[in-house]
Structures are given as C-alpha cells and as structure tokens.
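Reader: Hello! I am new to this structure and would like a close look at one part of it, the largest nonpolar core and the strands around it. Could you walk me through that part and show me how its surroundings fit together?

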Amino acid sequence: MTGKALAMLGLLAISLCGFGQKPKAEGITIGVKGGVNLAGMLYTDSHLSALPQETDLKPVGGVFVDIPLASALGFVPELLYVERGMKTAYSHYSGNEVRYELSSRYVDVRLPFLFGLNVTPGFQPYLIAGADLGYLLGGDIRLQQPGLPCPDTTLTMGKANMNPFYVGAFAGVGIRLFHDMNGRKAQLRIEAVCNMDYVDSFSAMEHADASHPVNVNAYNTTGKRLPRGIEVTMGVVVPLRPNTDDACYSFSKNKWK
C-alpha cells in the first residue's frame with residue numbers, strides 16, 4: 001500500500017472516530033449479586049401476628065442474566081440462594097422468656113422486568129418487579145425456654161413442618177453504574193426490593209395436626225404463615241465481549257487490514 005493510500009486511510013479513521021456510529025444497544029450480559037435479606041413472617045392469625053419479631057438478617061446471592069428488550073426495558077432472570085425465616089421472643093405465662101427461631105433455605109428462580117430511567121451515560125436508576133418461584137432446601141426450627149423445665153429443641157425442617165414451595169412476587173428500586181473497560185461496559189448494581197410469599201408456608205401435615213408442633217406456647221395453624229423480607233444486594237457485570245462495534249473500535253483492533 002502506498003504512503004498516499006495509508007494517509008487517506010488514517011484520515012478516514014480519524015474522521016470516523018470523531019463522527020462514528022453510536023454504540024449498539026447493550027447485548028446479553030451475565031452477572032453475580034449478593035447481599036442480605038431482612039427476613040420476617042406475616043401471620044394471618046391475630047394471636048401470632050401480635051408476636052414481636054426481631055431483626056433477622058440472612059444471606060442472599062446468586063447469578064443473573066440481563067437481557068435488553070428495549071432502550072429502557074430489560075428482562076433479568078435470576079437464580080438465587082435465599083434464606084428466610086423469623087425470630088421472636090415472648091413471655092410465658094410463668095414469667096419466663098421463650099425464644100423461637102425459624103430459619104429456612106431456598107433456591108429461587110426469579111423472573112423480573114427492569115424499567116430503566118436514563119439519566120446520564122454512566123448512571124441509571126431503575127424499577128424492578130417480577131415473580132419469584134422457590135423450592136425448600138432445608139432449615140431448622142429452634143425453641144429455647146430458659147427457666148422452664150423443658151429442654152431446648154431443634155428440629156430439621158422438612159415437608160412435615162414447611163411447605164416445600166415458595167410462590168411470591170417482589171418489587172423494588174436500584175441503580176446501575178456503568179464503567180468502560182477497554183470497550184467493555186462493566187456494571188455495578190445496587191438494589192433494594194421487598195418480597196412476599198403468596199402461598200401458605202405451613203405444611204399440609206401441620207394443618208392436619210399430623211406433625212409435632214415445636215412452639216407449643218404460641219402455635220396456631222388455622223391461619224397462614226407467609227415469608228416476607230427486604231433485600232439489599234450489590235451486583236457486578238463484566239461483559240465478555242465489547243459492547244461497541246463502531247469504525248473507531250474496529251480500526252483499533254486491526255480489522256481493516
């Protein structure tokens with residue numbers, strides 16, 4: 001190639017770099033997230049709903065796939081490990097304190113939609129909402145009765161004392177911070193969502209009085225027990241491929257040889 005042709009090609013590349021095409025829409029990306037779930041229970045029975053619930057922080061984490069559907073709309077399926085449950089302490093009629101703790105572990109598949117609000121190229125607040133389907137992996141139920149002539153009790157959670165299926169929904173807000181890494185647009189996501197189960201977590205055996213009640217001093221299965229929580233998580237996305245394919249990027253990668 002002659003020197004004149006090289007000079008013309010260089011001028012063309014510079015021109016395209018200054019006035020090149022807009023970056024293409026974000027492609028499908030995969031990320032990881034983790035954080036805490038402020039867990040609790042909603043009881044429809046008036047006596048159980050009156051029990052005080054203590055702060056119960058539990059872990060949540062997993063992977064997600066970000067699938068853009070439009071400039072401000074995305075589908076973000078997630079596969080998560082989530083711990084749920086509740087803690088309570090109340091006074092027995094004898095005056096002694098009773099402590100009860102329920103801790104359950106799930107694998108969840110979530111199907112949320114993300115509605116982004118474009119503020120700046122590097123900062124995007126968003127709304128997120130969707131369905132949540134979970135399956136019980138296990139857990140424990142603990143009862144401590146200091147001062148009473150009863151031993152502390154711990155039961156392994158199973159189908160006798162917990163519905164194995166979680167069917168719920170969640171909604172919340174978040175922000176995405178974008179950072180360019182040599183043509184790859186990395187993301188930092190910070191998110192807060194409220195989640196709620198809509199299927200009674202009392203097992204069929206509990207409703208049939210076929211399982212042993214642990215919390216005998218405050219136990220009633222005539223109503224429903226619905227796990228709920230507030231999750232705060234942080235996620236990271238590092239795309240495996242560059243998110244642009246304009247002439248500048250292509251020229252810098254020697255695609256025009």
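Author: Happy to! In this predicted model, the largest nonpolar core has 17 residues, and those touching the most other members are Tyr43, Met86, Tyr100, Leu102, Met157 and Met162. Four elements each supply two or more residues to this core: β1 (29–43), β4 (78–91), β5 (97–116) and β6 (123–144). Of these, β5 gives the most, with 4 residues.

Let us begin with one of those core residues. Setting aside neighbours within four places in sequence, Met162 is in contact with Leu102, Tyr106, Leu136, Met157, Ser201, Ser203, Glu206 and Arg225. Two names in that list, Leu102 and Met157, are also among the core residues that touch the most other members. There is a second, separate core too, made of 8 residues, including Leu114, Tyr126, Phe170 and Val237.

One contact of Met162 deserves a stop of its own, namely Ser201. Where does Ser201 sit? You will find Ser201 in the loop between β9 (184–197) and α3 (204–207). Is Ser201 buried or exposed? Its relative accessible area is 2%, so Ser201 counts as buried. Beyond four places in sequence, the contacts of Ser201 are Met162, Asn163, Glu206, Arg225, Leu226 and Pro227. Glu206 and Arg225 appear in the contacts of Met162 and also in those of Ser201.

Now back to β5 and the strands beside it. β4 and β5 are paired in the antiparallel sense, over 14 bridges. In this pairing, Leu80 stands opposite Asp108 in β5. β5 and β6 also run antiparallel, and 18 bridges join them. A hairpin of 6 residues makes the connection from β5 to β6. Here Arg110 stands opposite Asp132 in β6. Strand β3 (residues 73–75) pairs with β5 as well, again in the antiparallel sense, over 3 bridges. If you are following the side chains along these strands, it helps to know that in a regular strand they alternate between the two faces of the sheet.

The pairing with β3 brings us to Phe75, which lies in that strand. The bridge partner of Phe75 in β5 is Phe113. Phe113 is also among the contacts of Phe75, which, leaving aside neighbours within four places in sequence, are Val65, Asp66, Ile67, Leu69, Leu111, Pro112 and Phe113. With a relative accessible area of 23%, Phe75 is partly exposed. From Phe75 to Gly130 the sequence separation is 55 residues, while their C-alpha atoms are 9.5 Å apart in space.

Charged residues are part of this picture too. Asp108, which we met opposite Leu80, forms a salt bridge with Arg84, and the closest N and O atoms of that pair are 2.6 Å apart. Arg84 lies in strand β4 and Asp108 in strand β5, so this salt bridge ties together parts that are 24 residues apart in sequence. Both Arg84 and Asp108 are buried; for Asp108 the relative accessibility is 0%. Asp108 also meets Arg110 in a salt bridge, at 3.9 Å from N to O. Arg110 has a relative accessible area of 1%, so this residue is buried as well.

For another setting, look at Arg142 and Asp140. Their salt bridge has its closest N and O atoms 3.6 Å apart. Arg142 is partly exposed, with a relative accessible area of 30%, and Asp140 is partly exposed at 21%. Over the whole structure, a search finds 15 salt bridges. Some residues are linked by salt bridges into a network: Lys33, Asp66, Glu78, Arg176, Arg189 and Glu191. Asp66 is one you have already seen, among the contacts of Phe75.

Finally, a word on the predictor's confidence. The protein chain has an average pLDDT of 80, and 75% of the residues score at least 70. Two stretches stay under 50: residues 1–25, for which the model has 12 contacts beyond four places in sequence, and residues 245–257, for which it has 17 such contacts.

Conventions. Residues numbered from 1 in each chain as written. Heavy atoms only, no water. Core = buried A, V, L, I, M, F, W, Y, C linked by side-chain atoms within 4.5 Å. Buried < 20%, exposed > 50% of the residue type's maximum accessible area, 1.4 Å probe, protein only. Contact = heavy atoms within 4.5 Å. Pairing = 2+ DSSP bridges. Salt bridge = Lys/Arg side-chain N within 4 Å of Asp/Glu carboxyl O. pLDDT = per-residue confidence, 0-100.
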